[in-house]
Amino acid sequence: MADSLSTGLGEEKEKEKEDRERDRKAAKTEKNNDKDGVTETLGFNDKNGNGKGRKRNLSDLSLVRFITTELTRGYFLEHNEAKYTERRERVYTCLRIPKELEKLMTFGFFLCLDAFLYVFTLLPLRVLLALLRLLTLPCCGLGGSRLLQPAQVCDVLKGFIMVLCYSMMSYVDYSMMYHLIRGQSVIKLYIIYNMLEVADRLFSSFGQDILDALYWTATEPKEKKRAHIGVIPHFLMAVLYVFLHAILIMVQATTLNVAFNSHNKSLLTIMMSNNFVEIKGSVFKKFEKNNLFQMSNSDIKERFTNYILLLIVCLRNMEQFSWNPDHLWVLFPDVVMVIASEVAVDVVKHAFITKFNDISADVYGEYRASLAFDLVSSRQKNAYTDYSDSVSRRMGFIPLPLALLLIRVVSSSVKIQGSLSVMCVLLFYLGMITLKVLNSIVLLGTSCVFVKEANMEEKLFDPPPSAVSSRANSRAHRTKHVHTAPQQEPTIDKGGISLASVNPQPANTAESSAPTLPKSDSDTFLTTPDEEEDDKIINADTGLEGDELKPRTPKKDLLEIDRFTICGNRID
């Protein structure tokens with residue numbers, strides 16, 4: 001018993017000795033780590049362990065070392081190569097925008113010029129040919145079921161509208177309107193000019209619908225059920241619209257004329273600053289490709305309309321100064337200033353819109369091809385609209401009111417007296433016809449090149465779009481984005497439970513397993529809305545998106561976008 005007690009005491013002493021040696025080694029190791037284990041973070045010393053009561057090495061905290069580190073530290077941009085490459089491409093895109101935009105603007109300007117010259121040159125000749133056919137109909141006999149072809153009916157209606165509206169415009173006194181507007185204050189005129197711009201857009205959007213309704217009512221096949229109020233009411237509505245829109249444009253031209261003739265040019269400066277306010281209202285908004293197409297068409301129409309308004313202002317001023325050519329050089333700086341400000345605002349606006357919305361500069365080539373497609377398709381045998389009408393729908397440019405105002409101003413400014421004046425007018429008319437024909441030939445050849453480069457030749461032979469086909473296209477577009485699981489035959493378990501309902505087979509595992517690159521918040525903001533919509537999943541049964549069951553609006557092709565079509569809950 002004594003031996004066992006002595007043995008137990010000896011083992012306890014050996015255990016205590018081993019514990020003391022282990023503690024001594026741990027303390028020695030900790031002390032060595034405190035001396036040697038010093039890490040440096042941003043130029044400061046951080047000792048491992050508690051570090052309480054120990055002095056820091058003051059030489060490592062010196063100001064000289066901090067300054068030396070700031071002067072000699074480096075970094076490597078290639079560690080984030082993708083980011084800086086993207087920034088450089090954005091700079092290059094902004095530098096390409098002026099060139100690509102002016103290409104589109106130049107092409108669109110000549111398209112509007114072609115539609116505008118058509119009213120003065122070919123439309124009167126077509127109206128005369130249609131009336132001649134009506135007069136010679138008893139002699140030639142009725143060769144078909146129609147007295148006139150649908151295109152001839154539309155031409156005759158346009159001619160009658162122009163004649164009636166011109167007779168109504170002859171009662172409007174331009175001089176009285178000028179002095180009435182000139183007597184208003186500058187701020188009031190600025191507000192009036194902004195209201196006129198808004199009213200012009202509203203008139204353009206509703207006016208083309210009025211004209212289209214008149215053309216279709218007059219040419220609709222008789223075997224169809226009557227679902228309209230008659231041709232005469234539609235004709236009177238069209239005449240009233242063209243007259244009111246011409247008066248509106250006349251007030252715009254008069255206001256611009258007052259701004260040119262003001263002594264301190266304050267009104268002209270305020271009206272030009274209105275263009276720069278447009279940058280604020282457009283740049284910092286989210287844009288899709290279709291919205292940018294609408295804005296580009298609006299800018300083309302606005303620039304062409306401003307050129308015609310400046311021409312009217314110059315004609316009125318030259319008349320007041322008895323056509324003195326010296327006064328033209330007085331107006332020239334103001335004209336250049338207005339045009340330069342318009343071009344600068346368009347370039348800055350489109351450059352930053354494409355930058356913020358990550359849109360490539362190549363999109364303007366697509367816009368150019370879409371406009372060219374309208375011109376080429378109007379020359380086909382199966383054309384369903386006149387080219388001037390397609391320009392009106394696409395750009396919101398309706399040439400009838402503007403041409404009516406120009407005829408009114410020219411007829412009141414230029415006095416035709418004698419046979420020599422008649423010959424000059426005839427030569428001028430022949431020159432306009434020559435310009436129209438040459439412009440049409442060059443435009444048609446250029447448009448064919450653009451359509452061929454965009455691989456859109458096959459669409460030229462497609463049937464005209466209808467309401468049924470558009471709904472079918474929207475359904476096809478929805479089904480293209482539907483992700484459905486492959487059907488699986490249900491197998492019954494012993495317990496009577498369908499295994500297919502318990503363990504459904506996952507769909508598109510290959511797509512879901514694809515690696516995705518992380519994106520920052522800025523990259524997410526700069527992605528185009530078209531790419532975001534493509535990634536959404538639509539319920540196969542309801543045709544709605546996700547779990548929230550929101551209705552999906554199908555994306556429209558550029559050929560389906562008119563000037564006043566709502567794209568992405570907005571019209572630009």
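Here are some friendly notes on the fold, the cavities, one pocket and a few single residues of this predicted model.

1. Overall make-up. The protein chain has 572 residues, and 37% of them count as buried. Its secondary structure comes to 21 helices and four strands. Looking at contacts between residues at least 6 apart in sequence, you will find that 78% join residues at least 24 apart.

2. Cavities in general. If you plan to look at enclosed space, there are four cavities of 30 Å³ or more in the structure. The largest has a volume of about 80 Å³, and the second largest has about 60 Å³. The next two points take these in turn.

3. The largest cavity. Its lining is made of 13 residues, and those nearest the centre are Lys158, Ser388, Asp389, Pro399 and Leu400. Four helices each supply at least two lining residues: α3 (81-120), α8 (186-219), α14 (387-395) and α15 (399-413). By class, the lining of this largest cavity divides into eight nonpolar, three polar and two charged residues.

4. The second largest cavity. Here the lining can be given in full: Asp200, Ser204, His245, Ile249, Lys301, Thr305, Gly396, Phe397, Ile398 and Leu402. Helices α8, α9 (231-261) and α11 (289-320) each bring at least two of these residues. The classes are four nonpolar, four polar and two charged. Helix α8 is thus worth a look for both cavities, as it supplies at least two lining residues to the largest and at least two to the second largest.

5. The second largest pocket. This open site has a volume of about 1200 Å³. It is lined by 38 residues, with Phe120, Ile407, Val410, Phe428 and Met432 nearest its centre. Which helix gives the largest share of that lining? It is α16, with eight residues. The helices that each supply at least two residues are α3, α4 (122-135), α6 (150-169), α11, α15 and α16 (418-453).

6. Chemistry of that pocket. The lining of the second largest pocket divides into 34 nonpolar residues, three polar and one charged. For setting beside it, the lining of the second largest cavity has four nonpolar, four polar and two charged residues.

7. Ser413. This residue lies in helix α15. Is Ser413 buried or exposed? It counts as buried because its relative accessibility is 5%, and the cut-off for buried is under 20%. The Ser413 side chain makes a polar contact of 3.3 Å with the side chain of Glu319, and it also reaches the backbone oxygen of Val409 at 2.8 Å. Leaving out residues up to four places away in sequence, Ser413 touches Leu315, Arg316, Glu319 and Trp323. Glu319 therefore appears both as a polar partner of the Ser413 side chain and among the residues Ser413 touches, while Ser413 counts as buried.

8. Cysteines. How many disulfides does the structure hold? The number is zero. Two cysteines may still catch your eye. Cys154 counts as buried because its relative accessibility is 14%, and Cys314 is buried too, with a relative accessible area of 16%.

Technical notes. Residues numbered from 1 in each chain as written. Predicted model: local features only at pLDDT ≥ 70, side-chain atom pairs only at ≥ 80, totals over all residues. Heavy atoms only, no water. 1 Å grid on protein atoms, 1.4 Å probe; cavity = no way out; pocket = protein on both sides within 12 Å on 5 of 7 lines; lining within 4 Å. Points joined across faces, edges and corners; volume = space filled by probe spheres on them. Nonpolar A, V, L, I, M, F, W, Y, C, P; charged D, E, K, R; others polar. Buried < 20%, exposed > 50% of the residue type's maximum accessible area, 1.4 Å probe, protein only. Polar contact = N/O pair within 3.5 Å; in protein donor to acceptor, adjacent residues only side chain to side chain. Contact = heavy atoms within 4.5 Å. Disulfide = S-S within 2.5 Å.
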